[in-house]
Structure formats: C-alpha cells, structure tokens
Amino acid sequence: MLNGIAHDLVDNGWRVVQPSRRYVPVAANDVAHPAGRVVWVEARWDEPELLVRDVARTLNGATVDLVVVWLHDEDRKNVLRAVEPLLAPNAPVVDVRSTSDVAEVPEQAAGRCVQHVFLGNASARDSSRPLGQAEIVAGVREAVAQALAGAPSTRHDVGVRRQSAAGPRVHGLARVLPRLAHPTAG
C-alpha cells in the first residue's frame with residue numbers, strides 16, 4: 001500500500017528496506033537516483049526477533065534513519081521494541097494507524113520524534129465514500145516529509161471517521177431503499 005512512499009525515498013537516493021508479507025518490488029528502471037534502491041525482507045510480524053535479524057543482515061551494520069510503520073496494534077509494540085536497536089539516535093518514526101485503533105496519540109520513546117498518522121474510514125473530500133489509497137499515500141507522504149525535515153512530533157488525520165449506520169450496508173445503499181415485505185408473506 002505504501003510503495004509510493006518507498007519509491008519517493010528511492011528517487012531521493014535512499015536505500016529502503018521494505019519488510020512485508022508479500023514481495024512487491026519497486027521497479028529499478030523507474031528509479032531516478034542511481035544510489036537509491038529497495039530491498040525486500042519477508043516480514044514476520046508475529047516473530048519480531050527474526051524480522052530484526054533479517055533487516056540487520058540486510059543493513060550490513062548501517063543504522064536506520066527513518067521508520068514508517070503500518071501494523072496491526074497487536075504487533076506494533078513488539079515490532080517497534082525489537083527494531084529500536086537498529087535505529088540511528090535521531091531517526092524519526094512515522095506511525096500509521098486507523099482511528100478505530102486508538103483515539104489518542106500514544107506515548108512515545110523519549111527523544112524520538114514520531115509523526116502519528118491516523119487514517120479515517122471515509123474520504124475527507126467526500127465522507128460518503130471510503131478513504132482511498134491516493135489519499136492515504138498523500139497523507140503519509142506529508143508525514144514523512146515533516147519527519148525528514150525534523151519537525152516535532154505531530155498528529156496527522158487523513159480522512160474522517162464516519163460513524164457506521166445501524167443495519168446492513170450494501171455498496172452504500174443502506175437505508176436508501178425501503179424494506180419491502182416478501183410477496184408470499186402474509
């Protein structure tokens with residue numbers, strides 16, 4: 001989902017380690033900067049020690065200068081704790097999560113700037129439609145830019161939180177069509 005962010009970083013000469021469950025490469029022939037590249041590492045979110053071992057092997061002793069995290073809450077804390085030793089002392093974190101996961105900005109490690117990105121479930125442009133990938137990428141891109149500029153920890157809301165209507169939804173048609181009695185019902 002955030003390949004566009006990886007591509008932006010690579011275009012600016014970053015070496016990006018991209019842990020994910022599925023291999024989705026950033027095409028090398030599309031990269032504008034000769035030093036930039038992406039290395040995929042198989043993500044094992046439920047085994048953070050193995051993930052860190054694989055990332056450390058890929059880094060060859062280098063430290064991580066930026067972390068963009070988008071994980072389920074049950075994995076987030078353990079993965080962040082495990083990768084902490086790989087981070088440069090001033091490396092910022094961009095933490096992406098759903099507004100349904102938590103309403104408040106969580107506590108962060110002292111001295112580390114975190115750009116908190118909260119994703120709504122509806123578009124800010126049109127709350128009747130779901131939040132789209134382009135809006136998500138634009139919001140995370142802005143948070144990454146602020147993180148790299150050394151901005152203090154900030155909350156970024158992308159989209160809005162739409163309260164779900166009671167009753168079933170069928171492709172956005174809930175409560176639009178009246179419920180009709182079945183012709184055989186008395």
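Visitor: Is the crossing of helix 2 and helix 3 left-handed or right-handed?

Guide: Quick caveat: this is a predicted model, where local features need pLDDT of at least 70, side-chain atom pairs count only at pLDDT 80 or more, and totals for chains, interfaces and linings use all residues. Residues are numbered from 1 along each chain as its sequence is written, and side-chain values use heavy atoms, leaving out hydrogens and water. Helices here are DSSP runs of H or I with at least four residues, numbered from the N terminus. A crossing is left-handed if the near helix is turned anticlockwise from the far one by less than a right angle, and right-handed if clockwise; for helix 2 and helix 3 the crossing is right-handed.

Visitor: How are helix 2 and helix 3 oriented to each other?

Guide: Their axes (lines fitted to C-alpha atoms over the stretch in contact, with angles from 0 to 180 degrees between N-to-C directions) come within 9 Å and cross at roughly 40°. Under 35 degrees counts as roughly parallel, over 145 as roughly antiparallel, 65 to 115 as roughly perpendicular, and the rest as oblique. Helix 2 and helix 3 are therefore oblique.

Visitor: Which residues in helix 3 do Pro48, Leu51 and Val52 meet?

Guide: Contact means heavy atoms within 4.5 Å. On that basis, these three helix 2 residues meet Asn78, Val79, Ala82 and Val83.

Visitor: Which residues does Val55 touch, not counting those up to four places away in sequence?

Guide: Nonpolar side chains tend to be buried together in soluble globular proteins. With that sequence neighbourhood skipped, the partners of Val55 are Val17, Pro19, Val41 and Leu86.
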